[in-house]
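Welcome, and please open your viewer. We will go from one selection to the next and look at what is there.

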Amino acid sequence: RGDHRRAPENTLAAFAAALASQGVDGLELDVRASADEVAVVLHDATLTRVQGRRVRASRLTVEQLAGHGVPTLAEVLAASPPGTFLDVELKEDLGEIALGPIRAARGRPGDPVAHVVISSFDRAALATVRRLEPAWPTWLNTAWLSDRAISAAVALGCAGIAAEWHRIDERRVERVRAAGLKLAAWTVRDPAVRDRLAALGVVAACVEGDALPG
């Protein structure tokens, strides 16, 4: 969600601040749809926590959301250098609403997308991505790194699984590897935890606060 010590989360300013930190080579961002079906970058279903407005994002147009500092996915893609790794988390089953801007910025139909993974807790959303763009890598997000979650990721055709960091230990890392999956972690706030996960072989970590290098 960017370096939200310096700017509101999931804003262009927060993403720019994160990428300015030494050692950061990617961004994680959250995508929903506006009332007029444009992909926007926002974590919560409402604007209450970050923007201080008690209204659902799905009830506002992209122009109205822009007035509250909510960028479109296309704007974030345009502002990200081509080599920046992007973990685009779908909060909803958006299909082409989300895939269209990513394709326009980073890929071509039928080809792997460059430096982007699509992640979600929503298995239907991932199934839609797999159907529309089977060459694009997907990660299943999970709060519990259980055998059931690992099996679900495999069944969905995912390239990886992203787990809450407390659930990751050496035994679970081996189970994920044995399933042929990559393993990512979220959300890490302690540099020591970040480094321990890297030593275990986690391929990516969503970090914030003190865990951001630099």
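How many bridges join β5 to strand β6 (residues 116–120), and in which sense do the two run? Select both: four bridges join them, and they run parallel. Strands are DSSP runs of E with at least two residues, helices are runs of H or I with at least four, and both are numbered from the N terminus. Two strands pair if DSSP finds at least two bridges between them.

Before going further, a word on what you are viewing. This is a predicted model, in which local features need pLDDT of at least 70 and side-chain atom pairs count only at pLDDT 80 or more, while totals for chains, interfaces and linings use all residues. Residues are numbered from 1 along each chain as its sequence is written, and side-chain values use heavy atoms, leaving out hydrogens and water.

**The whole protein**

Zoom out and colour by secondary structure: you should find nine helices and ten strands. The radius of gyration, taken over C-alpha atoms, is 17 Å, close to the 17 Å that the globule rule gives for 214 residues, so the protein is as compact as a globular protein of that length. That rule is 2.2 Å times the number of residues to the power 0.38. Turn the C-alpha trace along its principal axes and it spans about 45 × 40 × 30 Å.

Now try colouring by burial. Buried residues make up 46% of the 214; the word means under 20% relative accessible area, with exposed over 50% and partly exposed in between (1.4 Å probe, protein chains only).

**Strand β5 and its neighbours**

Return to β5, residues 85–90, where five of the six residues are buried. Towards β6, pick Leu-86 and you will see Val-116 opposite. Next, add strand β1 (residues 26–33), which runs parallel to β5 and is joined to it by six bridges. On this side, Gly-26 stands opposite Phe-85.

**Strands β8 and β9**

Select residues 182–188 for β9. Five of its seven residues are buried, so this strand is largely enclosed by the rest of the structure. Then show strand β8 (residues 160–164), which pairs with β9 in the parallel sense over five bridges. For one place to centre the view, choose Ile-161, whose bridge partner in β9 is Leu-183.

**Two residues with a positive phi**

Most residues other than glycine have a negative phi. Which way does the backbone of Asn-10 go, positive or negative in phi? Its phi is positive, about 60 degrees, although Asn-10 is not a glycine. You will find Asn-10 in the segment before α1 (12–19), and it is buried, with a relative accessible area of 2%.

For the other stop, go to the loop between α5 (96–106) and β6, where His-115 sits. The phi of His-115 is also positive, near 60 degrees. Is His-115 buried or partly exposed? With a relative accessible area of 45%, His-115 is partly exposed.

**A last stop at Thr-11**

Finally, select Thr-11, which is also found in the segment before α1. At 10% relative accessibility, Thr-11 counts as buried. What does Thr-11 touch, not counting residues up to four places away in sequence? Show Gly-69 and Pro-71 to see its contacts, where contact means heavy atoms within 4.5 Å.
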